Amino acid sequence: MNRASLSDAERSFRSRLAQLASTQWLLRGNLSLRTRRCGKPTCRCVTQHQGHTSLYLVQSHHGKLRQICVPPSWEARVRQAVADYHQMQRLIEEVSELEWKRLRERK
Ligand SMILES: [Zn+2]
């Protein structure tokens with residue numbers, strides 16, 4: 001690959017991609033906040049209608065959905081990893097689109 005033939009925009013996508021791949025945790029999936037009742041009749045989730053909330057990461061894996069609970073101490077890291085994964089996907093799409101155009105125009 002001849003980097004000199006890349007546009008400034010593409011160089012910038014690629015350098016952002018390389019940075020994400022080398023420095024960030026990456027995690028595919030979507031976050032979902034769930035509320036539940038614990039079953040104790042005297043708990044605030046019944047008496048004050050405040051359910052217990054838990055954060056889950058939901059991911060499709062070999063065609064099936066799977067989910068995992070995200071403990072509060074992991075929440076910031078997981079949110080960042082999910083956001084960075086999404087950003088990386090967008091950047092890969094940009095780079096792919098540019099290559100599609102080069103193929104179409106044979107250059
Ligand atoms: Zn409860």
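Here is a short, friendly tour of this structure, point by point.

1. **What you are looking at.** Please keep in mind that this is a predicted model. The protein holds 3 helices and 3 strands. If you follow the sequence from its start, these elements appear in the pattern α-β-α-β-β-α.

2. **Overall form.** The radius of gyration is 21 Å, whereas the globule rule gives 13 Å for 107 residues, so the protein is more spread out than a compact globule. The C-alpha trace spans about 70 × 25 × 20 Å along its principal axes.

3. **Burial and contacts.** Of the 107 residues in the protein, 6% are buried. Turning to contacts between residues at least 6 apart in sequence, 53% of them join residues at least 24 apart.

4. **The sheet.** The 3 strands make an open sheet in the order 1-2-3, and their pairing is antiparallel. Strand 1 (30-36) and strand 3 are the edge strands, each pairing on one side only. On average, neighbouring strands of this sheet are turned by 35 degrees against each other, with direction ignored.

5. **How the strands are joined.** Strand 1 and strand 2 run antiparallel and are joined by 7 bridges. To find this pairing in the viewer, you could look for Arg-34, which stands opposite Ser-54 in strand 2. Strand 2 and strand 3 also pair in the antiparallel sense, over 7 bridges. Here a good place to look is Ser-60, whose bridge partner in strand 3 is Leu-65.

6. **Cover over strand 1.** How many of the 7 residues of strand 1 are buried? The count is 0, and strand 1 is hardly covered. When you inspect the strands, it helps to recall that in a regular strand the side chains alternate between the two faces of the sheet.

7. **Helix 3.** Helix 3 takes in residues 75-105, which is 31 residues. From its first C-alpha to its last it reaches 45 Å, close to the 45 Å expected at 1.5 Å a residue. Just after helix 3 comes Arg-106, with a positive phi near 55 degrees.

8. **Helix 1 against helix 3.** Helix 1 (residues 8-23) packs with helix 3 at an angle of about 145 degrees, and their axes lie 10 Å apart. The crossing of the two helices is left-handed. On the helix 1 side, the contact is made by Glu-10, Phe-13, Arg-14, Arg-16, Leu-17 and Leu-20. Helix 3 contributes several residues, among them Asp-84, Met-88, Leu-91, Val-95 and Leu-98. As background for reading such a list, an α-helix has 3.6 residues a turn, so residues three or four places apart point the same way.

9. **Two histidines worth a look.** Most residues other than glycine have a negative phi. His-49, however, has a positive phi of about 55 degrees although it is not a glycine. This residue is in the loop between helix 2 (44-47) and strand 2 (52-61). His-62 likewise has a positive phi, of about 50 degrees, and it is not a glycine either. You will find His-62 in the loop between strand 2 and strand 3 (64-70).

10. **Their surroundings.** Are these histidines buried or exposed? His-49 counts as exposed because it has 8 C-beta neighbours inside 10 Å, and a residue is called exposed at 12 or fewer. His-62 is exposed as well, with 5 other C-beta atoms within 10 Å.

Conventions. Residues are numbered from 1 along each chain as its sequence is written. This is a predicted model: local features need pLDDT of at least 70, side-chain atom pairs count only at pLDDT 80 or more; totals for chains, interfaces and linings use all residues. Helices (H or I, at least four residues) and strands (E, at least two) are DSSP runs, numbered from the N terminus. The radius of gyration is taken over C-alpha atoms; the globule rule is 2.2 Å times the number of residues to the power 0.38. A residue is buried if 20 or more other C-beta atoms lie within 10 Å of its own, exposed if 12 or fewer, and partly exposed in between; C-beta atoms are placed from the backbone. Two residues are in contact if their C-beta atoms, placed from the backbone, lie within 7 Å. Two strands pair if DSSP finds at least two bridges between them. Axes are lines fitted to C-alpha atoms, for helices over the stretch in contact, and angles run from 0 to 180 degrees between N-to-C directions. The expected span of a helix is 1.5 Å times one less than its number of residues. A crossing is left-handed if the near helix is turned anticlockwise from the far one by less than a right angle, and right-handed if clockwise.
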